[in-house]
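Q: Please look closely at one part of the model shown below. A single connected account is requested.

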Number of protein chains: 2
Amino acid sequence: MPDEEEIFDLAELFKIFGDSTRMRILFALFDHEICVNDLAEILSMTQSAVSHQLRILKSAHLVGSRREGKSIIYFLADEHVRTIIDQGREHIEE
Amino acid sequence: MPDEEEIFDLAELFKIFGDSTRMRILFALFDHEICVNDLAEILSMTQSAVSHQLRILKSAHLVGSRREGKSIIYFLADEHVRTIIDQGREHIEE
DNA sequence: CCAACATATGAACATTTATTCATATGTTCA
DNA sequence: TGAACATATGAATAAATGTTCATATGTTGG
């Protein structure tokens, strides 16, 4: 049994995957990096809503970002993101 | 990009991992199956609260249950649960 | 430097959700 | 069968969270 802090952190991590909007953002970033505005268009969402969610994703190190001119480009942070999502998809197929 | 329904289901699945109480229950069941009352004691929780959460875990097929006398024994449903949690833990170690 | 563009942020509101309390359902054993 | 035990469930309350609207911050090109 891990200590309470690790359990809490784990729950916080999965909580971030537990929202359709964030999941859609993650999928949009699966193959290629995208800037905020394009994300908003692709997902038919407000720029503000996207930005709020990106902030959450970034704070959990699920995505990273870099500036490119006026835009800020977001991308998936590491392979764990893909693995976790893939495992989730496998679980659903049953 | 998966269809909206799959994304929704995925988010719903991860939402279930995204709660400390449920995560604690899952860890308690990691090594051996346990009945509701024992879970409540181990986790210092109300029997009612545990039962409510077990219901959610079971509806997502993360745990299974069987009756044994007066008690009902709960156990982890499949290996995906362990894999998903393990991947989450790996992600945190950084 | 300033106008236009791109993103971030804060407050407010609405919705979701975990827990508690009371009670119902279901099982065993005398 | 009835009492005692084990679990489930429903309603109510409190807390957490996603979106919107308005606005701030930051960058580029003229």
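By what turn, and with what shift along the axis and RMSD, can chain A be laid on chain B? Please then describe the surface near DNA strand D.

A: In this predicted model, local features need pLDDT of at least 70 and side-chain atom pairs pLDDT 80 or more, while totals for chains, interfaces and linings use all residues. Residues count from 1 along each chain as written, chains are lettered from A and ligands numbered from 1 in written order, and side-chain values use heavy atoms, without hydrogens or water.

A turn of 180° with a shift of 0.0 Å along the axis lays chain A on chain B at an RMSD of 0.0 Å (least squares on C-alpha atoms with pLDDT of at least 70 in both copies). The two copies are therefore related as by a two-fold rotation axis. The same surface serves both, since 100% of the contact residues of chain A recur in chain B (contact: heavy atoms within 4.5 Å).

Around DNA strand D there are 25 residues (a heavy atom within 4 Å of the strand). A:Thr21, A:Arg22, A:Ser48, B:Ser48 and B:Tyr74 come nearest. At least two residues each come from α2 (20-28) and α4 (47-59) of chain A, and from α3 (36-42), α4 (47-59) and β3 (71-76) of chain B (DSSP runs, H or I of at least four residues for helices and E of at least two for strands, numbered from the N terminus). By class, six residues of this surface are nonpolar, twelve polar and seven charged.

On the DNA side, sugar or phosphate accounts for 69% of the strand D atoms within 4 Å of the protein, and bases for the rest. Phosphate oxygens of DNA strand D lie 2.9 Å from a side-chain N or O atom of A:Thr46, 2.9 Å from one of A:Gln53, and 2.6 Å from a polar side-chain atom of B:Tyr74.

Technical notes
Polar contact = N/O pair within 3.5 Å; in protein donor to acceptor, adjacent residues only side chain to side chain. Nonpolar A, V, L, I, M, F, W, Y, C, P; charged D, E, K, R; others polar.
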